[in-house]
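This report is meant for a reader who is meeting this structure for the first time. Please keep the sequence and the three-dimensional view at hand while reading.

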Amino acid sequence: MRTIGVLTSGGDAPGMNAAIRSVVRTSIYNKVKVMGIKQGYNGLLNGEVDEMNLSSVADIIHRGGTMLRSARCDEFKTEEGLNKALNVIKVFGIDGLVVLGGDGTFKGAKNLCDAGVPVVCIPCTIDNDMGYTDYTIGFFTAVETVVDAISKIRDTSTSHGRANIVEVMGRRCGDIALYSGLAGGAESIIVPEMDFDIDEVCKRVIQGRNRGKLHHIIALAEGVGNAYEVAKEIEEKTGTDTRVTILGHIQRGGSPTAFDRIMASKMGNKAVELLLNNESGRALGMKCNEIVDIDLDEALNAEKKLDKEMYEIAKILSI
Ligand code: ATP
């Protein structure tokens, strides 16, 4: 293993830079050349590959986004696209790849692996929607951003005696809504994994109002449906002025939390170690606070489940 390539693909996540830094510095420490591939699989197809050095990753550990940039690349899903990528890997003499991204990115990595390229994957997505790992890089930073927004919205909710829906990211996975809802003291948490009863939400609005609560926060994951329609229904059924805030891409940015930086630094280091030990087709994860590596196929097939216990605690605490 003389040359390692690194790329970031799919949605960006805070902490990707810390992971890139770790891959680059661990490689150079081990006297391995490291190549940065720009814009995910797009750059791999088009040969956007540059050698990195210690200074290439200076001053990035605290920055959100990804200095290698990211992209979606449909061409990479085709046989022709894969062959182009394999050719670029050969031309640049890349002996192994560290791939950072979410489950789509991992599927692409699996194709490279099946074609004989040693690959190690690092889970980076704010959604925390990968079942094989407790957490993905970027998730806790996104949760901090949402909690900060909820606290601010709560101030104005209290001043006006309104209900406020805070729509957060999560099409199939409600973890951002669940974790930020619990940490932000939301009165209701609405996630795609759990049946949602509008009458139950309205009952909570009325109960809160009756006991003198001035604010009412509803954390809603985007995958559940249209937040404005939910707000309209709440307003009609409870008579409480209900506003919607869609947080959108603000959740993707920002300086990564210490937790994300540490996880990213450990995983970047481990990814290089695995490649140097001739391991391939591995996905890094965190289980019970330990960095683990598991088979990439197993990672791709692991079912993501909502933490029901946490969901119930949030319900109890918001009565
Ligand atoms: P996020 O969770 O943030 O959306 P992701 O990695 O799941 O991140 P995707 O857009 O699903 O994001 O995938 C990123 C890229 O990975 C795609 O643009 C494509 O190049 C590649 N990819 C996705 N699915 C496949 C697949 N089935 N086969 C080959 N490559 C794939």
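What follows describes a predicted model, taking in turn its nonpolar cores, the surroundings of its ligand, its aromatic pairs and a few single residues.

## Nonpolar cores

In soluble globular proteins, nonpolar side chains tend to be buried together. In this model the largest nonpolar core has 59 residues, and those with the most contacts inside it are Val6, Met52, Val98, Leu100, Ile122, Ile176 and Met267. Helix H5, which covers residues 139-160, gives the most to this core, with 8 residues. Apart from this core there is a second, separate one of 29 residues, which includes Ile37, Leu45, Leu97 and Cys121.

Methionine 52 offers a view of the surroundings of one residue of the largest core. Leaving aside residues up to four places away in sequence, methionine 52 touches Val6, Ile20, Val24, Ile28, Val34, Met35, Gly36, Val57, Met67 and Leu68.

## Around the ligand

The ligand is surrounded by 16 residues, of which the closest are Arg72, Cys73, Gly102, Gly104 and Thr105. The table lists three residues that have a polar atom facing an N or O atom of the ligand, with the computed distance for each.

| Residue | Atom of the residue | Atom of the ligand | Distance |
|---|---|---|---|
| Cysteine 73 | polar backbone atom | oxygen | 2.6 Å |
| Glycine 102 | backbone N or O atom | oxygen | 2.9 Å |
| Asparagine 111 | polar side-chain atom | nitrogen | 3.5 Å |

Cysteine 73 and glycine 102 thus each take part through the backbone, whereas asparagine 111 takes part through its side chain. Taken alone, the ligand exposes 620 Å², and the protein buries 81% of that area.

## Aromatic pairs

How many aromatic pairs does the count come to? The count comes to 10 aromatic pairs, and two of these pairs are described here in turn.

In the pair formed by phenylalanine 106 and tyrosine 132, the ring centres are 6.3 Å apart and the planes stand at 45 degrees, so the pair is tilted. This pair links distant parts of the chain, since phenylalanine 106 lies in helix H4 (residues 103-114) while tyrosine 132 lies in the loop between strand S5 (119-123) and H5, 26 residues apart. Phenylalanine 106 has a relative accessible area of 1% and is therefore buried, and tyrosine 132, with a relative accessible area of 5%, is buried as well.

The pair of phenylalanine 140 and phenylalanine 259 is edge-to-face, with 5.1 Å from centre to centre and 80 degrees between the planes. Phenylalanine 140 lies in helix H5 and phenylalanine 259 in helix H9 (residues 258-276), so this pair ties together parts that are 119 residues apart in sequence. Phenylalanine 259 has a relative accessibility of 30% and therefore counts as partly exposed. Both residues of this pair also belong to a cluster in which ring pairs link Tyr135, Phe139, Phe140, Tyr179 and Phe259.

## Single residues, buried and exposed

Serine 157 lies in helix H5 and, at 0% relative accessibility, counts as buried. A polar atom of the side chain of serine 157 lies 2.8 Å from the backbone oxygen of arginine 162. Not counting residues up to four places away in sequence, serine 157 touches Arg162, Asn164, Leu214, His215, His216 and Ile217.

At the start of the chain, arginine 2 and threonine 3 can be read side by side. Arginine 2 lies in the segment before S1 and is exposed, with a relative accessible area of 66%, whereas threonine 3 lies in strand S1 (residues 3-8) and, at 8% relative accessibility, counts as buried. When residues up to four places away in sequence are not counted, arginine 2 touches Val32, Lys33 and Asp95, while threonine 3 touches Val32, Lys33, Met35, Phe92, Gly93, Ile94, Asp95 and Gly96. Arginine 2 and lysine 33 are 31 residues apart in sequence, and their C-alpha atoms are 6.1 Å apart in space.

Asparagine 277 lies in the loop between H9 and strand S10 (282-287). Is asparagine 277 buried or exposed? At 55% relative accessibility, asparagine 277 counts as exposed. Asparagine 277 and leucine 45 are 232 residues apart in sequence, and in space they are 27 Å apart, C-alpha to C-alpha.

Methods
Residues are numbered from 1 along each chain as its sequence is written. This is a predicted model: local features need pLDDT of at least 70, side-chain atom pairs count only at pLDDT 80 or more; totals for chains, interfaces and linings use all residues. Side-chain values use heavy atoms; hydrogens and water are left out. A nonpolar core is a set of buried Ala, Val, Leu, Ile, Met, Phe, Trp, Tyr and Cys residues joined through side-chain atoms within 4.5 Å. Buried means under 20% relative accessible area, exposed over 50%, partly exposed in between (1.4 Å probe, protein chains only). Helices (H or I, at least four residues) and strands (E, at least two) are DSSP runs, numbered from the N terminus. Contact means heavy atoms within 4.5 Å. A residue is near a molecule or strand if one of its heavy atoms lies within 4 Å of it. A polar contact is a pair of N or O atoms within 3.5 Å; within protein, one must be able to donate a hydrogen and the other to accept it, and residues adjacent in sequence count only if both atoms are side-chain atoms. Accessible areas come from the Shrake-Rupley method with a 1.4 Å probe; for residues, only the protein chains shown count as cover. Rings of Phe, Tyr and Trp (its six-membered ring) pair if their centres lie within 6.5 Å; planes under 30 degrees apart count as stacked, over 60 as edge-to-face and the rest as tilted.
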